[in-house]
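The following is a set of questions and answers prepared for a computational chemist. Please consult the sequence and coordinates shown here while reading.

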Amino acid sequence: MLACPNCSLALDVTEVGATCPNRHSFDRGRGGYLNLLVGGRLASDATPGDTSESLAARRRFLTAGNYRPIADAIAEAAADAPGPVLDVGCGEGWYLAQLEGDRYGLDVSKAAVQMAAKAHRNMMFVVGTAYRLPVLDSSVGVAVSVFAPHPFDEFARVLNAEGWWVTATPGPLHLQEMKPDLSDRERVNERMKRRSEPPPEATSSMRVQHSLQLTEQSAADLYAMTPLRFQRNAGTAGGREVTVDVW
């Protein structure tokens, strides 16, 4: 399923690395992952993807079962995949681990892929970009994106004729209790309107809603693992109930 990021030919993956017919080669990193992000596509001073701190927070929060209803809905939608499952923006691998089948995870964050590969030895993880997937045409059964970018042209290219896309995206009430009181009401209303429906590309949808009673630790972890940490005055206090609202 994997393709060389330099020439797009099929990769022959072994226990020690991968090579293509044009002799481009890639060594496996510790834990068995492959780095298929071609150098130079990101700024040299950039920190691609999640940081180690946010990944650790995400692992604690997810393994505690806080988002289990979301994972169950994704697993139901991805069941009986007609080919390999590819999680684009897989993070530390928790959602992919809840799925069945021949599983591949991709993330632009090397730290995320390293963490995922060490924890889930029965899956294949690669460092790569969602906008130029190192994946062969028509080779994927289900493409998954959980709170991650949706490069639909790339999904259409890699999905086989019977394959489909599964996503989880925020609904209008998602984590509303932790969001800052923004003064730009026009912007807030536009976001609410945009999230009031599932992504327009979806052919079917369901809405997952439940409440969480956050401890101090779970509140801090949720804050650290989401874009809330970039929003001024976003709430982090534990001991509060927050709304989970996801398409």
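The questions below concern a predicted model and proceed from its overall composition to individual residues.

Q: How many helices and strands are there in the protein?
A: The protein has 247 residues, of which 47% count as buried. Its secondary structure is made up of seven helices and 11 strands.

Q: What percentage of the contacts with a separation of 6 or more comes from residues 24 or more positions apart?
A: The contacts considered here are those in the protein with a separation of 6 or more. Among these, the share from residues 24 or more positions apart is 60%.

Q: What term describes the orientation of α1 and α7 to each other?
A: Helix α1 covers residues 52-63 and helix α7 covers residues 216-225, and their axes are 8 Å apart. The angle at which they pack is about 130 degrees. Angles over 145 degrees count as roughly antiparallel and those from 65 to 115 as roughly perpendicular. The angle of this pair falls in neither class, and α1 and α7 are therefore oblique.

Q: Is the crossing of α1 and α7 left-handed or right-handed?
A: Two packed helices are described by the angle between their axes and the distance between the axes. For α1 and α7 the angle is about 130 degrees. The handedness of their crossing is left-handed.

Q: By class, how many nonpolar, polar and charged residues does the contact of α1 with α7 have?
A: On the α1 side, the contact involves Ser54, Ala57, Arg58, Arg60, Phe61 and Leu62. These meet Gln217, Ser218, Asp221, Leu222, Ala224 and Met225 in α7. Sorted by class, the contact of α1 with α7 has six nonpolar, three polar and three charged residues.

Q: What term describes the orientation of α1 to α4?
A: Helix α4 spans residues 110-119, and its axis comes within 9 Å of that of α1. The two axes cross at roughly 40 degrees. Because only angles under 35 degrees count as roughly parallel and the roughly perpendicular class starts at 65, α1 is, with respect to α4, oblique.

Q: By class, how many nonpolar, polar and charged residues does the contact of α1 with α4 have?
A: The crossing of α1 with α4 is right-handed. Helix α1 contributes Ser52, Leu55, Ala56 and Arg59, while α4 contributes Ala111, Ala112, Met115, Ala116 and Ala119. By class, the contact of α1 with α4 comprises seven nonpolar, one polar and one charged residues.

Q: How many disulfides does a search of the whole structure find?
A: A disulfide is a covalent bond between the sulfur atoms of two cysteines. Cys4 is in no disulfide, and the nearest cysteine sulfur, that of Cys7, is 3.7 Å away. For Cys7, the closest cysteine sulfur is in Cys20 at 3.6 Å, which is too far for a bond because the cut-off is 2.5 Å. Over the whole structure, the number of disulfides found is zero.

Q: Is Cys4 buried or exposed?
A: The relative accessible area of Cys7 is 22%, and Cys7 is partly exposed. The corresponding value for Cys4 is 1%. Since values under 20% count as buried, Cys4 is buried.

Q: Which residue is 13 residues apart from Leu9 in sequence and 8.0 Å apart in space, C-alpha to C-alpha?
A: Leu9 lies in the segment before β1 and is partly exposed, with a relative accessible area of 34%. Beyond its neighbours within four places in sequence, Leu9 contacts Leu2, Ala3, Cys4, Cys20, Pro21, Asn22 and Leu136. The partner at 13 residues in sequence and 8.0 Å in space is Asn22.

Q: What is the phi of Phe147, near which value?
A: Most residues other than glycine have a negative phi, and most peptide bonds are trans. Ser8, in the segment before β1, has a positive phi near 70 degrees. Phe147 is located in the loop between β8 and α5 and is partly exposed at 36% relative accessibility. The phi of Phe147 is also positive, near 50 degrees.

Q: Is Ser145 buried or exposed?
A: Ser145 belongs to strand β8, residues 140-146. Residues touching Ser145 include Val88, His150, Phe155 and Trp165. With a relative accessibility of 0%, Ser145 is buried.

Key. Residues are numbered from 1 along each chain as its sequence is written. This is a predicted model: local features need pLDDT of at least 70, side-chain atom pairs count only at pLDDT 80 or more; totals for chains, interfaces and linings use all residues. Side-chain values use heavy atoms; hydrogens and water are left out. Axes are lines fitted to C-alpha atoms, for helices over the stretch in contact, and angles run from 0 to 180 degrees between N-to-C directions. Helices (H or I, at least four residues) and strands (E, at least two) are DSSP runs, numbered from the N terminus. A crossing is left-handed if the near helix is turned anticlockwise from the far one by less than a right angle, and right-handed if clockwise. Contact means heavy atoms within 4.5 Å. Ala, Val, Leu, Ile, Met, Phe, Trp, Tyr, Cys and Pro count as nonpolar, Asp, Glu, Lys and Arg as charged, and the others, Gly among them, as polar. Buried means under 20% relative accessible area, exposed over 50%, partly exposed in between (1.4 Å probe, protein chains only).
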